[in-house]
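Q: I'd like a close look at one part of this model, with enough of the surroundings to make sense of it. Could you pick a spot and walk me through it?

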Amino acid sequence: MATPRPLLEDWTWQQHGSCRNMPTEVFYPEDGTRRHRSAREQRAKSICRDCPVLAECRAHAVSIQEPFGIWGAMTATERARSIAQLHDESQAGA
């Protein structure tokens, strides 16, 4: 029987994130007018787009269905849509 991998190993990708030393509020835009929220989301996404662990971050947020913030250059709404699409595709192939 294989020994499970240590949990710490599963999170090591976070040490390489472009967001690591940035204020968390950059990635968790407060509610406000739609225009201002969109601008804050775009700022966070621009940081994510060049991140060396974008794929790991996005996969993590989708897998745990993270309901808040910008993760892997995706908003919570975008992640929910992606999850729904994956679900629909898996149902169609079943």
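The answer below starts with the whole chain and then zooms in on the charged side chains and the pieces around them.

A: Sure. Keep in mind that this is a predicted model. Its mean pLDDT is 86, and 87% of the residues score at least 70. Confidence is highest in α3, with a mean of 93, and lowest in α1, where the mean is 61.

The fold is all helix as far as regular secondary structure goes: four helices and zero strands, in the order α-α-α-α. Out of 94 residues, 28% are buried. About 7000 Å² of surface is exposed, with carbon and sulfur atoms supplying 54% of it. Among contacts with a separation of 6 or more, 44% link residues at least 24 positions apart.

The part I'd zoom in on is α4, and in particular R79. This arginine sits in helix α4, which covers residues 76-92. R79 is buried, yet it has no salt bridge. Why not? The nearest side chain of opposite charge is E66, 5.1 Å away, and because a salt bridge needs nitrogen and oxygen within 4 Å, that pair doesn't count.

What does R79 touch instead? Setting aside neighbours within four places in sequence, its contacts are A61, V62, E66, P67, F68, G69, I70, W71 and M74. Two of those, A61 and V62, are also on the list of buried residues in α3, along with L54, C57 and H60. E66, the nearest opposite charge, is itself in contact with R79, just not as a salt-bridge partner.

The loop between α3 and α4 deserves a look too, since it holds two residues with unusual backbone angles. As a rule, most residues other than glycine have a negative phi. Q65, which comes after α3, breaks that rule with a positive phi of about 55°. A73, in that loop as well, has a positive phi near 65°. In terms of burial they part ways: Q65 is exposed at 53% relative accessible area, whereas A73 is buried at 10%.

Now back to α4 for the one salt bridge in the structure. It joins the side chains of E78 and K45, with 2.7 Å between N and O. E78 belongs to helix α4 and K45 to helix α2, so the pair ties together parts that are 33 residues apart in sequence. The two ends sit in different surroundings: K45 is buried at 7% relative accessibility, while E78 is partly exposed at 26%.

Helix α2 (residues 34-49) also holds E41, which makes a nice counterpart to R79. E41 is buried and has no salt bridge either; R37, the nearest side chain of opposite charge, is 4.1 Å away. Because the cut-off is 4 Å, that pair misses out. Leaving aside neighbours within four places in sequence, E41 is in contact with P29, I70 and T75. I70 turns up on both contact lists, for R79 and for E41.

If you were wondering about covalent cross-links, the count is zero disulfides. C48 is buried, at 9% relative accessibility, and its sulfur is 6.1 Å from the closest cysteine sulfur, the one in C57, which is too far for a bond. C57 is one of the buried residues of α3. C51 is buried as well, at 13%, and its closest cysteine sulfur, in C19, is likewise 6.1 Å away and too far for a bond.

C51 also leads to a glycine earlier in the chain. G17 is in the loop between α1 (7-11) and α2 and is buried at 13% relative accessibility. Apart from neighbours within four places in sequence, G17 is in contact with C51 and V53. The C-alpha atoms of G17 and L54 are 7.7 Å apart, although 37 residues separate the two along the chain. L54 is another of the buried residues in α3.

To pull it together: R79 and E41 are each buried without a salt bridge, while the E78–K45 pair is where α4 and α2 are tied to one another.

Definitions and conventions. Residues numbered from 1 in each chain as written. Predicted model: local features only at pLDDT ≥ 70, side-chain atom pairs only at ≥ 80, totals over all residues. Heavy atoms only, no water. Buried < 20%, exposed > 50% of the residue type's maximum accessible area, 1.4 Å probe, protein only. Contact = heavy atoms within 4.5 Å. Areas by Shrake-Rupley, 256 points an atom, 1.4 Å probe, with all protein chains shown as cover. Lys, Arg positive; Asp, Glu negative; His and termini not counted. Disulfide = S-S within 2.5 Å. pLDDT = per-residue confidence, 0-100.
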